[in-house]
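Thanks for making the time this morning. I would like to walk through one structure with you, slowly, and take the charged side chains before anything else.

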Amino acid sequence: MLNFLVKPSSSACNMRCRYCFFEDEAASRKKADLGMMTQQTAALLIREAMSSSRGADGVHFAFQGGEPTLMGLPFFRYFLEEAARQNRDRRPVSYSMQTNGLALTPEWGDFFRENHFLVGLSLDGLKAVHDALRQDAAGRGTWNRIAKSLALLENLHVDVNVLCVVTSYIAKSPVKVYRALKSLGIRYIQFIPCLDPLKRERGSLRYSLRPADYGRFLCGLFDEWYRDWENGQYISIRLFDDYVHLAMGLSSGSCTVGGRCGGYLVIEGDGGIYPCDFYALDAWRCGELGRTSLEKISDSPIWQHFLARRTNRPAACSRCPWEHLCGGGCPRDWYEDNGQKENYYCPAFRQLFAYAGERIARIAAAEWQARRHIRQ
């Protein structure tokens, strides 16, 4: 599958989240907002994607921001119509969108359902925390409006998961957060560790997620999740799903856990090409649609350098008993300490694996047994 993370609205957003990593990342570029994607650029992206996907299982377009809904429904209708027109080989094409949910309407919901979108909705587990950190442009809390959007999507039977950013505040209450999200009817959850600004010391802000807090959060969360699994009430937590898949000898669904980079390309609003959402910076701009062929992007020195960095993992990984589950983590979390490369969240992951490793293996074994039974 050829994967594209498309930022059609660049860094433009209708919310002012305190911890937004992409607002900070964009501000570090010469030009923060690279503009709204034109239909011409969208058509060029689709043409390049279709050409590059020959021999692949298909193409996936994931829309993200900023806030992609700022483009309006006409843009996305055009995008899908143009993709259908250019898809002469009728290869599989799928879509997803990560949205803050603030602008969703029944018309958006109908569009998502009719076109089989997977929608990721950002909702930070506890109302008080969410409203303090995820505010609109006027400084007002957004929990009630986002919860209403979630109910809208669920009532229309749109495939939806929730993304919860783990800050220091969320990390204090893993059980409360998990149960609060379950009470909203959510069955698919992604917990993402909060990123500190690029030029700030890690752990220096009030909302910063520190390794010890993250470790305790993951252990408390795992207990709740495992209890539901034992009781036949499975809730998908992507991180834990990934660990189970890896314990089964399968691949993970995310690059962070899978120990790999280069699984997708970021396409900015102006057609700029970047290797990763965490590296959409001037120094990592690999090319531009219309000037750089996506089929030859792997020849880019910047792309090659990006991939090469991933192979130089922290030295501790080579002697870690949990390396097969962790894969070294995300390079964005690597740092230098006395000449040694370290993973900022390594203590948290070690704590989780020591605490829950046997239960992860138990689930993996049960999943294999269930698969063999189905085949028989």
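Let me begin with a single contact: the side chain of Glu48 reaches the backbone nitrogen of Leu294, at a distance of 3.0 Å. Please keep in mind throughout that this is a predicted model. Glu48 itself sits in helix 2, which covers residues 39-52, and beyond its sequence neighbours up to four places away it touches Leu289, Thr292, Ser293 and Leu294. What makes Glu48 worth a pause is that it is buried and yet has no salt bridge, the nearest side chain of opposite charge being that of Arg47, 4.4 Å away. Since a salt bridge here requires a nitrogen and a carboxyl oxygen within 4 Å, that distance does not qualify.

A second residue invites the same kind of reading, and this one carries the opposite charge. Arg310, in helix 12 (residues 301-311), is buried without a salt bridge, and the nearest side chain of opposite charge, that of Glu323, is 7.7 Å away. Which backbone atom does the side chain of Arg310 reach? It is the oxygen of Gly329, at 2.8 Å. Leaving aside residues within four places in sequence, the contacts of Arg310 include Cys255, Thr256, Gly259, Arg260 and Cys261, and also Gly327, Gly329, Pro331 and Trp334.

Now to the charges that do find partners. Side chains of opposite charge can pair when their charged atoms come close. How many salt bridges does a search of the whole structure find? The search gives 21, and I will take three of them in turn.

In the pair formed by Asp277 and Lys7, the closest N and O atoms are 2.9 Å apart. This pair links distant parts of the chain, with Asp277 in the loop between strand 9 (272-274) and strand 10 (287-288), and Lys7 in the loop between strand 1 (2-6) and helix 1 (21-27), 270 residues apart. Both Asp277 and Lys7 are buried.

The next pair is Glu25 with Arg332, where the closest N and O atoms are 3.6 Å apart. Because Glu25 lies in helix 1 and Arg332 in the loop between helix 13 and strand 11 (334-337), the pair ties together parts that are 307 residues apart in sequence. Glu25 is buried, with a relative accessible area of 0%, and Arg332, at 12% relative accessibility, also counts as buried.

My third pair is Asp270 and Arg285, with the closest N and O atoms 3.1 Å apart. Here Asp270 is in the loop between strand 8 (265-267) and strand 9, while Arg285 is in the loop between strand 9 and strand 10, and the two are 15 residues apart. Asp270 counts as partly exposed at 27% relative accessibility, and Arg285 counts as partly exposed at 23%. There is also a network to mention, in which salt bridges that share partners join Asp110, Arg113 and Glu114.

Let me turn from charges to empty space. Rolling a probe the size of a water molecule over the atoms shows where empty space is left. A search of the whole structure finds one cavity of 30 Å³ or more, and about 130 Å³ of space lies in the largest cavity. Its lining has 14 residues, of which Cys317, Cys320, Cys326, Cys346 and Arg350 are the closest to its centre. Helix 13 (323-326), strand 12 (340-343) and helix 14 (346-375) are the elements that give two or more residues to this lining, and helix 14 provides the largest share, four residues.

For a hydrophobic counterpoint, consider a phenylalanine. Phe240 is placed in helix 10 (residues 238-247) and is buried, with a relative accessible area of 2%. Apart from neighbours within four places in sequence, Phe240 is in contact with Leu218, Leu221, Phe222, Trp225 and Leu352.

I will finish with some backbone details. Gly65 and Gly66 are joined by a cis peptide bond, with omega at about 10 degrees, and Gly66 is in the loop between strand 2 (59-63) and helix 3 (73-86). His116, in the loop between helix 4 (106-114) and strand 4 (118-122), has a phi near 55 degrees, a positive value in a residue other than glycine, and His116 counts as exposed at 66% relative accessibility. His157, in the loop between helix 6 (143-155) and strand 5 (159-166), likewise has a positive phi, near 60 degrees, and counts as exposed at 67%.

Key: Residues are numbered from 1 along each chain as its sequence is written. This is a predicted model: local features need pLDDT of at least 70, side-chain atom pairs count only at pLDDT 80 or more; totals for chains, interfaces and linings use all residues. Side-chain values use heavy atoms; hydrogens and water are left out. Buried means under 20% relative accessible area, exposed over 50%, partly exposed in between (1.4 Å probe, protein chains only). A polar contact is a pair of N or O atoms within 3.5 Å; within protein, one must be able to donate a hydrogen and the other to accept it, and residues adjacent in sequence count only if both atoms are side-chain atoms. Contact means heavy atoms within 4.5 Å. On a 1 Å grid over the protein atoms alone, a cavity is a set of points where a 1.4 Å probe fits but cannot get out, and a pocket is an open set with protein on both sides within 12 Å along at least five of seven lines; lining residues have an atom within 4 Å of a point. Grid points are joined across faces, edges and corners, and a volume is the space filled by probe spheres set on the points.
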